[in-house]
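Colleague: Could you take a close look at a single part of this model for me, and walk me through how that part sits against its surroundings?

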Amino acid sequence: RLASRRIRSRPVCAVFTDDVASVHRSGIMNELCDAQALIVDSGDTRDDISLTVMAICCAGIVLSASTFGWWAAVLGGYNVVVAPRTVVPACRGNVAAN
């Protein structure tokens, strides 16, 4: 929602997800995106195709906490990247001595 405050016009969105129903239930498409929104079911699309489209088709990218989207942002050389804060792994400090 922070991204929507910084964007002057409503963008056309391409959402890559393995949970299409959740995207629809969230209402995020109506809140942030223009009427022309594309939802791509990642389960039906090869990963290399999804990554290529994510890396070259857009003016900016909004990431989930995954490395898949991170690679799309790096390969696409985006100037606008919205991402969640990095979280400290739960296992920090629990490294077994060898």
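Modeller: Before turning to one part, I would note that this is a predicted model, and that the structure holds one salt bridge. That salt bridge joins Arg 46 and Asp 48, with the closest N and O atoms 2.6 Å apart. Arg 46 counts as exposed because its relative accessibility is 55%, over the 50% cut-off, whereas Asp 48, at 39%, counts as partly exposed.

The part I would examine closely is helix H5, which spans residues 67-76 and in which Gly 69, Ala 72 and Ala 73 are buried. These three cover an arc of only 95 degrees around the axis, and therefore lie on the same side of H5. Thr 67 and Leu 75, on the other side of H5, are exposed. The cover over the buried residues of H5 includes helix H4 (47-56) as well as strands E3 (60-62) and E4 (80-82).

Taking Ala 72 in particular, and leaving aside residues up to four places away in sequence, one finds that Ala 72 touches Leu 51, Met 54, Ala 55, Ile 61 and Tyr 78. Ala 72 and Ala 73 also belong to the largest nonpolar core, a group of six residues completed by Met 54, Ile 61, Leu 63 and Tyr 78. A second core, separate from that one, has five residues, among them Val 15, Val 23, Met 29 and Cys 33.

Finally, the backbone just after H5 deserves a remark, since Gly 77 takes a positive phi of about 60 degrees there.

Technical notes
Residues are numbered from 1 along each chain as its sequence is written. This is a predicted model: local features need pLDDT of at least 70, side-chain atom pairs count only at pLDDT 80 or more; totals for chains, interfaces and linings use all residues. Side-chain values use heavy atoms; hydrogens and water are left out. A nonpolar core is a set of buried Ala, Val, Leu, Ile, Met, Phe, Trp, Tyr and Cys residues joined through side-chain atoms within 4.5 Å. Buried means under 20% relative accessible area, exposed over 50%, partly exposed in between (1.4 Å probe, protein chains only). Contact means heavy atoms within 4.5 Å. A salt bridge is a side-chain nitrogen of Lys or Arg within 4 Å of a carboxyl oxygen of Asp or Glu. Helices (H or I, at least four residues) and strands (E, at least two) are DSSP runs, numbered from the N terminus. The arc is that of the directions from the helix axis to the C-beta atoms.
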